[in-house]
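Here is a report on selected local features of one protein model. It takes helices, then strands, then single residues.

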Amino acid sequence: MGDTLEKRTRGGFSALCLSLLAAALPLSAQTLFEVESATYQSSDGVDTYTSSTASGGVFQRLRSNANGDYIEYQLNVPTAGTYAVSFGASTHTRNGKFQVKVNGASVGNPIDLYGGLSADFSSYAVGSATFSQGVNFVRMEVSGVNSANTSGLRQGRFDYIRLEAAGSTVTLSNEQKASRFLRQTTFGGTSAEISALASDIASLGETQAYEAWINRQFALSPSLHETLLKDMTTAGSVPTNEIFTNRGNAWLTIALKRPDQLRQRVAWALSQILVTSGATDTNIRRNPYGASNYYDVLVRNAFGNYRTILYDVARHPVMGRYLGHAGNKKANTSLNTFPDENFAREIMQLFSVGLVELYKNGSLRLDANGNAIETYDNDDIVNFAKVFTGLNYSGKTYLSALNLDMSTPMAAYDSDHDMSSKTLLNGVTTTAGQGTLSDLDTAISNLFNHPNVGPFIGKLLIQRFTTSNPSYSYISSVSSAFNNNGSGVRGDMKAVMKAILLNPEARD
């Protein structure tokens with residue numbers, strides 16, 4: 001096997017290091033205030049009202065034609081101290097410049113909320129201010145207007161105010177920084193790996209050392225689970241209890257010993273999003289090679305493109321069995337049979353766009369009545385179900401669960417496929433008469449290019465690597481990387497992972 005025994009301790013050192021760090025170093029808790037839950041007042045002569053049409057959630061909007069107008073929030077601060085002040089607001093073509101004041105004193109420079117032609121939600125860091133215990137006042141005061149704002153209207157849409165403890169940042173040693181980073185990116189760093197990364201941090205700087213480590217991980221060949229499972233199993237044997245046990249052993253061997261740790265962590269994260277399971281399905285449970293092969297789809301594509309992941313998952317027989325589109329046939333009205341809709345629903349709800357429309361930062365898009373906007377409806381499910389007809393196991397071998405081919409991508413059987421035109425999301429239609437794979441390709445592109453995918457999948461990945469409660473700005477930066485890797489490529493997983501792991505919030 002050629003694997004070192006040191007890897008068997010993976011996770012032990014860094015877990016101990018972090019537990020000691022937490023016990024020895026008091027980290028200041030963050031206090032978060034939401035504007036919609038705070039009492040507010042405004043100056044005379046301005047239009048101030050609650051709205052829900054420009055950013056996620058309920059927020060307050062101020063409309064003014066003169067400098068000096070304001071909206072002021074009353075915050076009940078539980079602990080006196082110096083806090084870093086930031087707030088969330090929506091950009092807009094008619095927005096103005098605002099000076100933040102705390103208890104009458106200006107904090108930082110005026111913030112320009114002008115957003116060009118597009119409205120988006122952003123977070124703005126202001127500066128530090130001293131707060132007393134109890135009632136404090138935070139004022140957003142109009143200070144001017146962007147020169148490109150031809151309307152002259154000073155407008156602001158404020159969603160939240162955040163206070164973070166300032167002046168109490170914990171200083172970590174390079175070993176502690178390395179340990180924390182490797183806890184996020186591997187299944188646990190060994191003492192040698194922590195020391196090596198700490199040395200790189202000392203010589204290169206923290207961000208440069210992390211990026212160099214990530215680039216080295218990108219260059220490693222993937223360790224494949226099905227290959228190792230077959231190496232661990234008697235040649236030519238059919239699935240037995242030995243193979244079922246060895247499938248788990250193969251996973252643990254790779255997680256504990258193989259060097260392509262970041263790839264394996266990404267695959268592990270993806271497996272929690274694009275879920276399959278043999279727990280309730282004998283055909284999957286008794287096909288350990290197929291189950292390992294499905295996992296290897298995630299391993300191979302961990303540093304590839306998310307569109308490829310969606311396409312390969314849609315064609316994989318394990319997913320076809322798990323969510324019911326393997327053997328899915330066009331409707332037969334004489335027999336009163338219709339395509340199974342399960343995969344059509346789940347690929348939208350869980351794997352791509354989610355249930356409701358989102359801004360790039362993950363906040364909800366709301367209609368004029370303040371309600372969340374659904375990304376799809378039942379008609380969309382019906383149409384996508386038609387797309388996913390005609391896929392079936394290679395060779396259609398149904399002899400027994402043991403003989404199903406669950407490692408070869410499902411083949412196209414156009415005689416079972418619904419050849420009608422289908423209306424997909426955002427008005428996209430397929431061409432009538434297209435075969436199974438052409439329809440599949442169109443549908444995957446339609447889902448992949450939906451603006452929800454970046455924030456929806458991005459947040460799920462952030463939560464599996466760094467923090468369960470990422471800020472709007474963190475989600476927005478990861479969404480931006482998903483939308484464009486810097487070279488015009490959408491869905492580049494390498495860019496997404498760098499955006500997740502190198503974000504200041506991941507290192508804070």
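A residue counts as buried when its relative accessible area is under 20%. The model discussed here is predicted.

**Helices**

Start with helix H9, residues 288-300. Twelve of its 13 residues are buried, so H9 is largely enclosed by the rest of the structure. The buried set is Pro288, Tyr289, Gly290, Ala291, Ser292, Asn293, Tyr294, Tyr295, Asp296, Val297, Leu298 and Val299. H9 reaches 18 Å from its first C-alpha to its last. That is close to the 18 Å expected at 1.5 Å a residue.

How do helices H4 and H7 pack, and at what angle? H4 covers residues 206-219 and H7 covers residues 261-271. The angle between them is about 80 degrees, and their axes are 7 Å apart. Angles of 65 to 115 degrees count as roughly perpendicular. H4 and H7 are therefore roughly perpendicular to each other. On the H4 side, the contact is made by Trp213, Ile214, Gln217 and Phe218. H7 contributes Gln261, Leu262 and Arg263. By class, the residues of this contact are four nonpolar, two polar and one charged.

**Strands**

Strand E11 spans residues 154-165. Ten of its twelve residues are buried, so E11 too is largely enclosed by the rest of the structure. Its partner is strand E6, residues 81-90. The two pair in the antiparallel sense over eight bridges. Within E6 and E11, Tyr83 stands opposite Ala165.

Strands E7 (residues 96-102) and E8 (residues 105-112) also run antiparallel. Five bridges join them. Lys101 stands opposite Ser106 in E8. E7 and E8 form a hairpin, with two residues between them. One residue in the turn, Asn103, has a positive phi of about 50 degrees.

**Positive phi outside glycine**

Asn103 takes its positive phi although it is not a glycine. Another such residue is Asn336, with a positive phi near 60 degrees. Asn103 lies in the loop between E7 and E8, while Asn336 lies in the loop between helix H11 (317-323) and H12. Are these residues buried or exposed? Asn103 counts as partly exposed, at 40% relative accessibility. Asn336 is exposed, with a relative accessible area of 58%.

**Two partly exposed residues**

Gln349 belongs to helix H12, residues 342-349. Thr467 is in the loop between helix H15 (453-463) and helix H16 (472-483). Gln349 counts as partly exposed, and so does Thr467.

What lies around them? Setting aside neighbours within four places in sequence, Gln349 is in contact with Gly354, Leu355, Tyr376 and Phe456. With residues up to four places away in sequence not counted, Thr467 touches Ile462 and Tyr474.

Each can also be paired with a residue further along the chain. Gln349 and Thr375 are 26 residues apart in sequence, and Thr467 and Glu505 are 38 residues apart. The table sets out the C-alpha to C-alpha distances with the accessibilities.

| Residue | Relative accessibility | Paired residue | C-alpha to C-alpha distance |
|---|---|---|---|
| Gln349 | Gln349: 24% | Thr375 | Gln349 to Thr375: 8.8 Å |
| Thr467 | Thr467: 22% | Glu505 | Thr467 to Glu505: 8.5 Å |

Terms used: Residues numbered from 1 in each chain as written. Predicted model: local features only at pLDDT ≥ 70, side-chain atom pairs only at ≥ 80, totals over all residues. Heavy atoms only, no water. Helix = DSSP H or I, 4+ residues; strand = E, 2+ residues; numbered from the N terminus. Expected span 1.5 Å × (residues − 1). Buried < 20%, exposed > 50% of the residue type's maximum accessible area, 1.4 Å probe, protein only. Axes fitted to C-alpha atoms, helices over the stretch in contact; angles between N-to-C directions. Parallel < 35°, antiparallel > 145°, perpendicular 65-115°, else oblique. Contact = heavy atoms within 4.5 Å. Nonpolar A, V, L, I, M, F, W, Y, C, P; charged D, E, K, R; others polar. Pairing = 2+ DSSP bridges.
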